[in-house]
Amino acid sequence: MAWHFALMIDPADSADGRSDFAATFTEVDPAAPALTVGELSTQRGDGIFESIGVVDGHAQEVEAHLARLAHSAYLCDLPEPHAEQWRQAVALAAAACGAGECVIKLILSRGIEHGPTPTAWVTAAPAADFSTARTRGIRVVTLDRGYALDIPARAPWLLLGAKTLSYAVNMAALREAHRRGADDAIFTTSDGFVLEAPTASLILRRGDVFVTPAPNAGILHGTTQSSLFEHLAARGFDTGYVTIGVEELTAADAAWLVSSVRLAAPITAIDDVDMPMDAAFTASINDYLLSPRD
Ligand code: PLP
């Protein structure tokens, strides 16, 4: 992949009153090594990240991503990211993106082992082509995530609502889905409730009501799902956060996995049970998701 851009960020102190953060940024060659071997992000996956979709140079939902970055930092006991500094870094990355779809990643690592500060950087690269998933849909399988619905509240050290860099489990779930002949997975709890996909949120349609699993169940609060719920509400639909049993999945009138870069991928089968797919409606929500969103 031809990376467009990479920027190392010296973490700023929110107390220093600065408003221009250019002096805290160092643009680096995206193809050259940039991290030291003592990096805790690479040694332990100890850090957090965000992936922001970019359409024709416009970074989507930046404030929602910055809010979630701050929430993940809080859950992981990392220093609070300076919002204005990251906003300026995202603007520089977006300016490097040109036409078409790109992805900007924000990474905040615990830093270098025994080092004084976190390490932070931003990258921009072209997005993969997701047009087939958006228009023809995806087959999914349910996979047990191995804990009960109430675990996030009882075991906060599992960091279940944080977007940490430890995505090895999420990637393993995707490989398992592929082994089972599917494109993606829906995680379920050990007591039979639906959570999210390894890199996306789940939305179900029931008549004119759209629902998604409540984010307090140890899942990420998706920026795409939130934005889409606002849009659906403006179109006159009802939306809600609910607890969904696994057996309710195939009773839905339609289902999608939604995320910042792939956007809305309609689900055509769950565990080999065919699901209805509304191509025109899906196209209308992807048109919305591709329009400039703040
Ligand atoms: N859930 C998980 C585990 C994810 O990794 C992601 C995005 O990567 C999402 C949900 C969807 O979040 P967003 O819509 O903000 O991309």
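**Exercise 1. Find which polar side-chain atoms lie close to ligand atoms.**

Solution. Begin with E196: one of its polar side-chain atoms is 2.8 Å from a nitrogen atom of the ligand. This is a predicted model, in which local features need pLDDT of at least 70 and side-chain atom pairs count only at pLDDT 80 or more, while totals for chains, interfaces and linings use all residues. Residues are numbered from 1 along each chain as its sequence is written, and side-chain values use heavy atoms, with hydrogens and water left out.

Next take the oxygen atoms of the ligand. A polar side-chain atom of R68 is 2.8 Å from a ligand oxygen. For K163, a side-chain N or O atom also lies 2.8 Å from an oxygen atom of the ligand.

Last, consider the surface. The ligand alone exposes 390 Å², and the protein buries 95% of that (accessible areas come from the Shrake-Rupley method with a 1.4 Å probe; for residues, only the protein chains shown count as cover).

**Exercise 2. Describe the shell around the ligand.**

Solution. Step one is the nearest residues: of the 17 around the ligand, Y167, E196, T223, T224 and S260 come nearest (near means that a heavy atom lies within 4 Å).

Step two is the elements. Two or more shell residues come from each of α2 (62-75), α7 (223-234) and β12 (254-259); helices (H or I, at least four residues) and strands (E, at least two) are DSSP runs, numbered from the N terminus.

**Exercise 3. Place T223 in its surroundings.**

Solution. T223 belongs to helix α7. Is T223 buried or exposed? T223 has a relative accessible area of 6%, so it is buried (buried is under 20%, exposed over 50%, partly exposed in between, with a 1.4 Å probe and protein chains only).

Now list its partners. Leaving aside neighbours within four places in sequence, T223 is in contact with A64, H65, R68 and S260 (contact means heavy atoms within 4.5 Å). The side chains of T223 and S260 are joined by a polar contact of 3.4 Å (a pair of N or O atoms within 3.5 Å; within protein, one must be able to donate a hydrogen and the other to accept it, and residues adjacent in sequence count only if both atoms are side-chain atoms).

**Exercise 4. Describe the largest nonpolar core.**

Solution. The core has 30 residues, and A59, W86, I104, L106 and V122 have the most contacts inside it (a nonpolar core is a set of buried Ala, Val, Leu, Ile, Met, Phe, Trp, Tyr and Cys residues joined through side-chain atoms within 4.5 Å). Its largest share, 5 residues, comes from α3.
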